[in-house]
Amino acid sequence: QELTVAWDARHAVVAAADLEKRLAGDAVDITLPGRRPVLGAAHPVSRMIDELSEIFALLGFETAFGPEIETSYYNFDQLNIPSDHPARDVWDTIHIDLPGEIVLRTHTSPMQARIMEKSGPPVRVVVPGRVYRYEAQDASHEWMFHQLEGLAVDRNITMADLKGTLAELARQLFGSERRIRVRCDFFPFVEPGVDFAVDCAICGGKGCRVCKGSGWLEMGGAGMVHPNVLRAVGYDPDQVSGFAFGLGIERLVMMRSGVDDLRAFAANDLRFLRQFASAV
Ligand code: PHE
C-alpha cells in the first residue's frame, strides 16, 4: 500500500511536469495574423484554352489534342500542300530529321486529316495546342506559340455557318456588341480562304493605339475545307462540305489584356504571370 501511494504521488508529479513542458513547447499565439498559403494558378494561355473549349462546347464542338512532333504527311501533304509546292515556305518549318519527313507541327491544321480519317462525318471539333516555326523572335513572333483549330464537316455546311461561328466566338470573348470582318486570303487547304478580324472593343472600331488606328484586330485564318482535303481522307465532297479556322491563342489574350509582347508568355516571369492569377 505504502509503495502504491508513493508511486502514485511521484507519477502525478512527473506527469504534471511533462504536461507543463509539452504545453510550453506547443504554445500558439492566437493573436498572430494567419499565413496566407501560396497558391499556384493556371497560365493565361491555359485559361484561354479552357475558356475557348467551353465556348465551343456550347456550340457543339468537342475538344481534341494531337501530336506536336508531326509527319510532313499530315502537316503538309494531307492539307493539299505537295512537297514541291512553294506554299510550304509560308510555314517556316523546324525539321526533326534530315529527309524532312518529321517536323514540329507548324500549325494545328494537321489534326484536320487525323480526325477525319478516324471518324466519318459529321465532325465538329476544336484542337488547341502548341505549334512551332523557325522564326526570328520579336514582339509579335515566337518560335513556339499556341493555336486553336476548328473543323466542322457535315451535309450542307456553308460559309454562313463559318461566319456565324466566328461572330459568336468574337461576342463571347469580347462582348455582345462585336462585329467580325472576313476578307479573301489564301491557304492551300481551304477554298475560298479568308482571314478574319474583330472590331476593336477599346475604340468600338473608330481606331486607336491597340488596333493601330485600323479599328480591326486580326484573329486568324479560315475557309471552306478544300475538296482535295476531303477526298484525301475518303470523304465525298459532293456529299459533305465543311469549314475550318485557325486562331492564335496568345493573340487573343493580348487583345483582351493589352499585353504588347508575345515573348512574355513563355518567359516565365512570375511578375507577369501573377497579374492573370485571380482567386479561383
Ligand atoms: N493553319 C493556318 C495557319 O496556321 C490557319 C488556318 C486554319 C487557315 C484553318 C485556314 C483554315 O496559318
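These legends describe close-up views of a predicted model.

**View 1. The ligand and its shell.**
The ligand is surrounded by 15 residues. The closest are His-107, Ser-109, Arg-133, Gln-147 and Gly-246. By class, seven residues of this shell are nonpolar, six are polar and two are charged. Three strands, β5 (144-154), β8 (216-225) and β9 (241-248), supply at least two shell residues each. Strand β9 gives the most, with three residues.

**View 2. Polar atoms facing the ligand.**
Three side chains place an N or O atom by a ligand oxygen: Gln-147, Arg-133 and Trp-91. For Trp-91, the distance is 3.4 Å. For Arg-133, the distance is 3.0 Å. For Gln-147, the distance is 2.9 Å. Taken alone, the ligand exposes 330 Å², and the protein buries 93% of that area.

**View 3. Ser-109, one of the closest residues to the ligand.**
Ser-109 sits in the loop between β3 (102-104) and α4 (110-118). Is Ser-109 buried or exposed? Its relative accessible area is 4%, so Ser-109 counts as buried; the cut-off for buried is under 20%. The side chain of Ser-109 makes a polar contact of 2.8 Å with the side chain of Glu-149. Leaving out residues up to four places away in sequence, Ser-109 touches Leu-79, Glu-149 and Phe-189. Glu-149 therefore appears both as a touching residue and as the polar partner of Ser-109, with Ser-109 itself buried.

**View 4. Two cis peptide bonds before proline.**
Most peptide bonds are trans. The bond from Pro-121 to Pro-122 is cis, with omega near 0 degrees. Pro-122 belongs to the loop between α4 and β4 (123-132). The bond from Glu-191 to Pro-192 is also cis, with omega near -5 degrees. Pro-192 lies in a strand, β7 (residues 190-199).

**View 5. Asn-156 and Lys-212, with positive phi.**
Most residues other than glycine have a negative phi. Asn-156 has a positive phi, near 60 degrees. Asn-156 is found in the loop between β5 and α5 (159-174). With a relative accessible area of 67%, Asn-156 is exposed. Phi of Lys-212 is positive too, near 55 degrees. Lys-212 lies in the loop between β7 and β8. The relative accessible area of Lys-212 is 75%, so this residue is exposed. The cut-off for exposed is over 50%.

**View 6. The buried salt bridge of Asp-199 and Arg-178.**
The structure holds eleven salt bridges. One of them joins Asp-199 to Arg-178, with the closest N and O atoms 2.8 Å apart. What does this pair tie together? Asp-199 lies in strand β7 and Arg-178 in the loop between α5 and β6 (180-185), so the pair ties together parts that are 21 residues apart in sequence. Both Asp-199 and Arg-178 are buried.

**View 7. Arg-181 and Glu-218 within a salt-bridge network.**
Arg-181 forms a salt bridge with Glu-218. The closest N and O atoms are 3.2 Å apart. This pair links distant parts of the chain, with Arg-181 in strand β6 and Glu-218 in strand β8, 37 residues apart. Glu-218 has a relative accessible area of 26%, so Glu-218 is partly exposed. Which residues make up the network of salt bridges? They are Arg-181, Arg-183, Asp-195 and Glu-218. Strand β8, where Glu-218 lies, also supplies at least two residues of the shell around the ligand.

**View 8. The salt bridge of Arg-263 and Asp-261.**
The side chains of Arg-263 and Asp-261 meet in a salt bridge, with an N to O distance of 2.9 Å. Are these side chains' residues buried or exposed? Neither word fits, because Arg-263 is partly exposed, with a relative accessible area of 33%, and Asp-261 is partly exposed, with a value of 22%.

Note on methods
Residues numbered from 1 in each chain as written. Predicted model: local features only at pLDDT ≥ 70, side-chain atom pairs only at ≥ 80, totals over all residues. Heavy atoms only, no water. Near = heavy atom within 4 Å. Polar contact = N/O pair within 3.5 Å; in protein donor to acceptor, adjacent residues only side chain to side chain. Areas by Shrake-Rupley, 256 points an atom, 1.4 Å probe, with all protein chains shown as cover. Helix = DSSP H or I, 4+ residues; strand = E, 2+ residues; numbered from the N terminus. Nonpolar A, V, L, I, M, F, W, Y, C, P; charged D, E, K, R; others polar. Buried < 20%, exposed > 50% of the residue type's maximum accessible area, 1.4 Å probe, protein only. Contact = heavy atoms within 4.5 Å. Salt bridge = Lys/Arg side-chain N within 4 Å of Asp/Glu carboxyl O.
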